[in-house]
Amino acid sequence: MDMGELVIEREFSAPRGAVWAAFTEPEILAEWFGPEGWGVHVDTVTIEPRVGGVQKFVMHLLEDPTKTSPVHATFTEVREHELLVGEDGPHEMTLNLVIEMRVEFADCPTGTALRITQGPLPAEVLEPARAGWESSFTKLDRLFAMHL
């Protein structure tokens, strides 16, 4: 299987603490995570942003909530307001792979620069995964615009 790594960089017009909270506070994550057409019920979210802590939630298709995509990761590295690294898998949804996701937070002139590195991923899912993140980030931009 041809494997690759997804790297996404995005700037948000929000302070670093707000972007960090979007990834670490269940109530906020449930408001934006998932591409358009998908949602997360807050009662499925558990986030323990510490080494060994878990990040668990279930995305569901809004048109058919029986179609779901669970996330069940364990944090391997955490530096508050700077870095979250977690591993998800192996299980069916990760194609029985262990997929690492690294989320880096930094200040930038417009607010916060975010860099996500995710992999290994099969080459054929790299672009759909990128599109999913970009769609999610559009929802996060709207959330920041409403609350900041």
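# Exercises on a Predicted Single-Chain Model

The chain carries 11 positive and 25 negative side chains, and the centres of these two sets lie 2 Å apart. The model is a predicted one. The exercises below proceed from the whole chain to single residues.

## Exercise 1. The overall form

Task: State how many helices and strands the chain has, in what order they occur, and why the chain agrees with a compact globule.

Solution.

Step 1. The chain contains three helices and eight strands.

Step 2. Their order along the sequence is β-α-α-β-β-β-β-β-β-β-α.

Step 3. For 148 residues, a compact globule would have a radius of gyration near 15 Å; the value for the chain is 15 Å, and therefore the two agree.

Step 4. The C-alpha trace spans about 40 × 30 × 30 Å along its principal axes.

## Exercise 2. Burial, surface and contacts

Task: Determine what percentage of the residues count as buried, what part of the exposed area carbon and sulfur atoms supply, and what percentage of the contacts with a separation of 6 or more joins residues 24 or more positions apart.

Solution.

Step 1. A residue counts as buried when its relative accessible area is under 20%. By this criterion, 41% of the 148 residues are buried.

Step 2. The chain exposes about 7,800 Å², and 54% of this area comes from carbon and sulfur atoms.

Step 3. Among contacts with a separation of 6 or more, 50% are made by residues 24 or more positions apart.

## Exercise 3. Strand S8 and its partners

Task: Explain why strand S8 is described as largely enclosed, and identify the strands that pair with S8 in the antiparallel sense.

Solution.

Step 1. Strand S8 comprises residues 111-122; nine of its twelve residues are buried, so the strand is largely enclosed by the rest of the structure.

Step 2. One partner is strand S1 (residues 3-12), which runs antiparallel to S8 and is joined to it by nine bridges. Within this pairing, Ile-8 has Ile-116 of S8 as its bridge partner.

Step 3. Another partner is S7, which pairs with S8 over nine bridges, also in the antiparallel sense. Here Arg-102 has Thr-117 of S8 as its bridge partner.

Step 4. S7 leads into S8 through a hairpin of two residues.

## Exercise 4. Strands S4, S5 and S6

Task: Describe how S5 pairs with S4 and with S6, and how many residues lie between the strands of each hairpin.

Solution.

Step 1. Strand S4 (residues 54-61) and strand S5 (residues 68-79) are antiparallel and share seven bridges. Val-58 has Pro-70 in S5 as its bridge partner.

Step 2. Six residues lie between S4 and S5 in their hairpin.

Step 3. S5 is also paired with S6, over six bridges in the antiparallel sense. In this pairing Glu-77 stands opposite Val-85 of S6.

Step 4. The hairpin of S5 and S6 has three residues between the strands.

Step 5. Val-78 is a residue of strand S5. Leaving aside residues up to four places away in sequence, Val-78 touches Trp-20, Pro-49, Arg-50, Val-51, Leu-83 and Leu-84.

Step 6. Val-78 and Gly-53 are 25 residues apart along the chain, and their C-alpha atoms are separated by 9.6 Å.

## Exercise 5. Two backbone features

Task: Give the sign of phi at His-81 and state whether the peptide bond from Gly-119 to Pro-120 is cis or trans.

Solution.

Step 1. Most residues other than glycine have a negative phi, and most peptide bonds are trans.

Step 2. His-81 is not a glycine, yet it has a positive phi of about 65°. The residue lies in the loop between S5 and S6.

Step 3. With a relative accessible area of 30%, His-81 is partly exposed.

Step 4. The peptide bond from Gly-119 to Pro-120 is cis, and its omega is near 0°. Pro-120 belongs to strand S8.

## Exercise 6. The surroundings of Val-98

Task: Locate Val-98 in the chain, classify its exposure, and name the residues that Val-98 touches beyond four places in sequence.

Solution.

Step 1. Val-98 is placed in the loop between strand S6 (83-88) and strand S7 (99-108).

Step 2. The relative accessibility of Val-98 is 38%, and the residue therefore counts as partly exposed.

Step 3. Not counting residues up to four places away in sequence, Val-98 touches Glu-87, Asp-88, Gly-89, Pro-90, Gly-119 and Pro-120. This list includes Gly-119 and Pro-120, the two residues joined by the cis peptide bond.

Step 4. Val-98 and Asp-88 are ten residues apart in sequence, and 5.6 Å separates their C-alpha atoms.

Notes:
Residues are numbered from 1 along each chain as its sequence is written. This is a predicted model: local features need pLDDT of at least 70, side-chain atom pairs count only at pLDDT 80 or more; totals for chains, interfaces and linings use all residues. Side-chain values use heavy atoms; hydrogens and water are left out. Helices (H or I, at least four residues) and strands (E, at least two) are DSSP runs, numbered from the N terminus. The radius of gyration is taken over C-alpha atoms; the globule rule is 2.2 Å times the number of residues to the power 0.38. Buried means under 20% relative accessible area, exposed over 50%, partly exposed in between (1.4 Å probe, protein chains only). Contact means heavy atoms within 4.5 Å. Accessible areas come from the Shrake-Rupley method with a 1.4 Å probe; for residues, only the protein chains shown count as cover. Lys and Arg count as positive and Asp and Glu as negative; His and the chain ends are not counted. The place of a charge is taken as NZ of Lys, CZ of Arg, CG of Asp or CD of Glu. Two strands pair if DSSP finds at least two bridges between them.
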